[in-house]
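Student: I've got a model to look through and could use some company. Shall we go over it together?

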Amino acid sequence: MPVLIRSETTGPSRVSLEALHVTAETIMRIAALSNNELSILLVNDPQMQELNLKFRGKDQPTNVLAFPMDDITPDSPDPGILGDIVISVDTAGREAAGRSITCHQRIQRLLIHGLVHLMGYDHERSEEDAFLMEREENKIILELNRQQRRQPMIQLAINVDHVATIRQARGGNEPDPVTAAGICELAGASGIVVHLREDRRHIQDRDVHLLRQLVKTKLNLEMGASEEIIRIALAVKPEMITLVPEKRKELTTEGGLDVAGQIKKLSGVVARMEEAGIPVSMFIDPDSRQIAAAVKAGAAFVEIHTGRYSDATSEEEINREFDLIASAAEEAYEAGLKVNAGHGLNYLNTKRIAGLATIEELSIGHAIMARAIFVGLEQAVREMRSLLGP
Ligand code: PXP
């Protein structure tokens, strides 16, 4: 029996012991420790405070404590027995609320932290040890996310706006975004995205009509919620629309849609689209308030804005933005929304986002078109597709 779980908690149960057992065994497998034995104890804050005082001299509760086997029986430790991990469900629950994730998800992270301690890592020893420990934890978390993926395969929707940008630079008819869409589909894209802007700076009405006829996978029309464009969408009937904020002077979409600030208007757009059988996605920042508003407005999808993650330069900032996206995607998924993500993703930063289990589809344009100039569009699509896993 490699994993033994015991709960000494009182009050309503916040976690399913069966689900935790499955997760713990998966984590042990990922860490190549399947043949070892691990004991997990769930407690409330008062018991945790006692343990924290007794073993670490700290008179306060903490989230997780790990006791390696040789601490428990110093004389003849059995090498197969790793030790005990004690988790306070009260502290985990509070931390989960602060991160907008479920208590189970938080306990899962604490379990990994405890296990990595039992593997001999210790972030309190030195800065370098802290780095090594975090790296090991992240490796396990990424693989766990991949294995727990609720979506069997992440999809790649390709935005062909910038093919039209080049065409419009000379006002002629080359290169044609419609041809580009066909090549993207043949190379493995599972959807085509175009943004019909009010100023028609790249995609034209003719493109949208032709794409409607030619796209075999899924046409996603990105649009501002203006009456003119709403009417076009209702006439064209794409497989879905994505509502984005639109400003005339911006170079590209600059931020997420403020759904919370215009629920009434957006609910009206959703109702009109629903009547025409067109699901609506809302492009939002990774923000709980906007997720709740998207649910309220009746959206079927949200697309989480990955722009700040993509623009981040320091490792700390990248990790912070990544965590925000991961939590928002979990929260939206748990709220019953389908979750897409996109903006600024490229060949270096996409894999990590693609590892998130709750994301169904990534929407990528500029990076693929930029690479296509050098390696050809088909190759550029295939390379991005292969980054997303099988
Ligand atoms: N998603 C949305 C809502 C967008 O507005 C854009 C840019 O048109 C993208 C995804 C794709 O962004 P990028 O071109 O940076 O890959």
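Tutor: Sure. One convention before we start: axes are lines fitted to C-alpha atoms, for helices over the stretch in contact, and angles run from 0 to 180 degrees between N-to-C directions. Keep in mind that this is a predicted model.

Student: At about what angle does helix 16 run to strand 5?

Tutor: Helix 16 covers residues 366-375. It lies across strand 5 (155-159) and strand 12. Its direction relative to strand 5 is about 70°.

Student: In what order do the eight strands close into a barrel?

Tutor: The pairing in this barrel is parallel. From one strand to the next, the twist averages 25°. As for the order, go round as 5-6-7-8-9-10-11-12.

Student: Which residue in strand 11 stands opposite Val302?

Tutor: Start with the pair of strands: strand 10 (residues 301-305) and strand 11 (residues 338-342) run parallel and share five bridges. Helix 14 (residues 315-334) packs on the sheet there, touching strand 10, strand 11 and strand 12 (359-364), and makes about 175° with the direction of strand 10. The residue across from Val302 is Val339.

Student: Is Thr26 buried or exposed?

Tutor: Thr26 sits in helix 1 (residues 17-30). Its relative accessible area is 11%. The cut-off for buried is under 20%, so Thr26 counts as buried.

Student: Which backbone oxygen lies 2.8 Å from a polar atom of the Thr26 side chain?

Tutor: Don't look to Leu144 and Gln147, though Thr26 does touch them, leaving out residues up to four places away in sequence. The backbone oxygen at 2.8 Å belongs to Val22.

Key:
Residues are numbered from 1 along each chain as its sequence is written. This is a predicted model: local features need pLDDT of at least 70, side-chain atom pairs count only at pLDDT 80 or more; totals for chains, interfaces and linings use all residues. Side-chain values use heavy atoms; hydrogens and water are left out. Helices (H or I, at least four residues) and strands (E, at least two) are DSSP runs, numbered from the N terminus. Buried means under 20% relative accessible area, exposed over 50%, partly exposed in between (1.4 Å probe, protein chains only). A polar contact is a pair of N or O atoms within 3.5 Å; within protein, one must be able to donate a hydrogen and the other to accept it, and residues adjacent in sequence count only if both atoms are side-chain atoms. Contact means heavy atoms within 4.5 Å. Two strands pair if DSSP finds at least two bridges between them.
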